[in-house]
Amino acid sequence: MRRYHSLLAAVAILALGGLLSLVLADYRLRLLNVSVISAIAVIGFNFAFGLAGLISLGHAAFVGLGAYTLAILSTAFGWSPWLAIPVAILVTTLFAGLIGYPLLRLRGHYLALATLGLNVSFTIVVTNWISLTGGTNGISGIPELRLGAFAFNDERRFLWLGLVLLALCAAFAVTLQRSRYGRAMMAVRDDETAARMTGIDVTRVKITALCLSAAFAALSGTLFATHVRFVAPEDFNYAHSIIYLAMLIVGGEGAVAGAVIGAALLTFLPEWLRFLGDAYLAFFGLMLLAILIFLPTGLVGLAAQLRRLGGHREAETTS
Amino acid sequence: MADFIQLFINGLALGSVYALAAIGFVIVYSATGVVNFAAGQFVMFGTFAGVAMLANAGLPWPVGYAAALLAMAAFGALFFIVVYLPLRTSPVVTVIIGTVAVGIVMQNAALLGFGSWPFRLVSPLEGITIDIGGAAISAHAAMVVVVTGLLVGLIWLLFYRTALGIGMRAVAQDVEAARLMGLNVNRLLALSWMLAAVLAGIAGLLLGPMWFADVNMGDPIALKAFAATIIGGFGSLPGAIAGGLFVGLTELLGASYLSSAYKDLIAFAVMILFLLVRPQGVFGERIQDRG
């Protein structure tokens, strides 16, 4: 049973998402697309933060780098977006590896501040490098993704594409997490010295985790760019990094299911809580704080606890 | 030359505000180990405490300033009870995200209370200029520099010449040892938070007339205060001052002599460079976690 976990995750995403794609109205479908795109970024973030314990406040910069690379290649250079996606992922991953080498010597709040500085710097650069990025006007006219005559140009069609990619990403992430590479990352998170003692190359594990997180972020960014077909600097500022972080914490850090659930929940929450008006962010902050204090393993952890509780009760009644 | 003097004094004034924000941040970090990502929102609260007391309640200057700082001290105590105590045994990552969450709540609370329209906080020295070497310096900017200098002196006296301050430093060094010496650790920790909040409040009151009072002003200040802290050296008070002045000066001088678009990038680039090459900053801290 255990070895089919990755398959299970993929099938669950496809089945649930496919069902929703048939019953929901267009506006909800748009939110679902946003959830799927965010979920891919958050699954990536889980490698760095959930598994390897790297506290990054700059994940949105990787998403933005992927999105901008695709936007520039597909508009200014007229590339096919299908070709631009792998190039964008490659560029972002290489960038992550390059900065990872010096950056990942830092830990704790030093790493948090450095990545925050990186995200702010990214925003400043894309805002001001007008000849390349269009500045605050952003880049519009990004071509849609199409397979032959079939264009992914409405919400339902795009969702099908997004779901397939999300299912693949989730299956890959679950497999990796259960492999020795995933366990090595968790070992580095829990105790670096002990991990090094067992022969794990700590630096390499951390950089691998950061590169994986950047690759997923870039894929998410390219999907964002081909979905909205417009990119602007404020889509990738550090406030979005904090949202990715919050998604993972609410869903449950260290778990792929948590990443997907958190991304969907925090995308739909502002809609459900529209009656709060301007006070939504206060609610959001208090909810995050409450989860940190009372529910540090997130919703996935809560579900596991409830299951254990239920199991105990069953055991008691049968004995 | 006159231009340069004017920019230099204004840079010192802005840097003084960053330094005050950074000092508050460092006091809390040294005493409690908490990296307060809501530090910028503390300064914003200070500015809006000034708006509430001076512009809205119409109190005269001395009374209004005192009332605003009292409110900030009370807020520091509240933060100690509501945020610090529940999170104090949590891992550093949790505390960082917790203070980020509180910062979001504070910003939203200010938005609900004051709206998104910026306010103008008038300086008591509004409209007065001083002539230095042919340059017209606003009296407010000069006052900011002087007030900051005085405060730094007072903080030094507090920490090195009073039993209270020495107790706070003892707690910062070793909580258990301080407790064994019979110090009331919780009271001293609460005082550290209150002191940090008051310093942030003073920074906010001084900054108000230089910028517009805007509920979104917290994040830019926090980023500059973080950069100042890293450059000067995490956990070091002289470092916070030197770093704050450096960031303020590069911001204003860089904007007019290099590039106004990339003025903020200079401070962050220097910060990241320090993190990579000399993470302990100019004045260094002797704590692990640097790599």
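The radius of gyration here is taken over C-alpha atoms, and the globule rule is 2.2 Å times the number of residues to the power 0.38. Put chain A through that rule and its 319 residues call for a radius of gyration near 20 Å if it is a compact globule; chain A comes out at 20 Å, so the two agree. Keep in mind that this is a predicted model. Below is a quick tour of both chains, the contact they share, a helix pair in chain B and one buried valine in chain A.

**Chain A overall**
- Chain A is built from 14 helices and four strands.
- Along its principal axes, the C-alpha atoms of chain A fill a box of roughly 70 × 50 × 40 Å.
- Burial comes to 53% of the 319 residues in chain A.
- If you take the contacts in chain A with a separation of 6 or more, 79% of them join residues 24 or more positions apart.

**Chain B overall**
- In chain B you'll find eleven helices and two strands.
- Reading from the N terminus, the order of elements in chain B is α-α-α-α-β-β-α-α-α-α-α-α-α.
- The globule rule works for chain B as well: 291 residues would give a compact globule a radius of gyration near 19 Å, and chain B has 19 Å, which agrees.
- The box filled by the C-alpha atoms of chain B, again along the principal axes, is roughly 60 × 50 × 35 Å.
- Of the 291 residues in chain B, 52% count as buried.
- For chain B, residues 24 or more positions apart make up 76% of the contacts with a separation of 6 or more.

**Where the chains meet**
- The contact draws on 32 residues from chain A and 35 residues from chain B.
- On the chain A side, the elements giving two or more residues are α5 (108-128), α11 (238-251) and α13 (280-294).
- Helix α5(A) supplies the largest share of that side, with twelve residues.
- Sorted by class, the side of chain A that touches chain B has 23 nonpolar, six polar and three charged residues.

**Helices in chain B**
- Start with α4(B), residues 92-114: at 1.5 Å a residue, its 23 residues should span 33 Å, and its end C-alpha atoms are 33 Å apart, so expectation and model agree.
- Just after α4(B) sits G115(B), which takes a positive phi of about 80°.
- Two packed helices are described by the angle between their axes and the distance between the axes.
- For α1(B) (residues 2-32) and α10(B) (residues 237-257), the axes come within 7 Å and cross at roughly 145°.
- That crossing of α1(B) and α10(B) is right-handed.
- The contact of α1(B) with α10(B) breaks down by class into 17 nonpolar, eight polar and one charged residues.

**A closer look at V300(A)**
- V300(A) sits in helix α14 of chain A, which covers residues 298-318.
- The cut-off for being buried is 20 or more other C-beta atoms within 10 Å; V300(A) has 21, so it counts as buried.
- Leaving out residues up to four places away in sequence, V300(A) touches G251(A), G252(A), A255(A), A257(A), G258(A) and I261(A).
- One of those partners, A257(A), is 43 residues from V300(A) along the chain, and their C-alpha atoms are separated by 7.3 Å.

Terms used:
Residues are numbered from 1 along each chain as its sequence is written. Chains are lettered from A and ligands numbered from 1 in the order in which they are written. This is a predicted model: local features need pLDDT of at least 70, side-chain atom pairs count only at pLDDT 80 or more; totals for chains, interfaces and linings use all residues. Two residues are in contact if their C-beta atoms, placed from the backbone, lie within 7 Å. Ala, Val, Leu, Ile, Met, Phe, Trp, Tyr, Cys and Pro count as nonpolar, Asp, Glu, Lys and Arg as charged, and the others, Gly among them, as polar. The expected span of a helix is 1.5 Å times one less than its number of residues. Axes are lines fitted to C-alpha atoms, for helices over the stretch in contact, and angles run from 0 to 180 degrees between N-to-C directions. A crossing is left-handed if the near helix is turned anticlockwise from the far one by less than a right angle, and right-handed if clockwise. A residue is buried if 20 or more other C-beta atoms lie within 10 Å of its own, exposed if 12 or fewer, and partly exposed in between; C-beta atoms are placed from the backbone.
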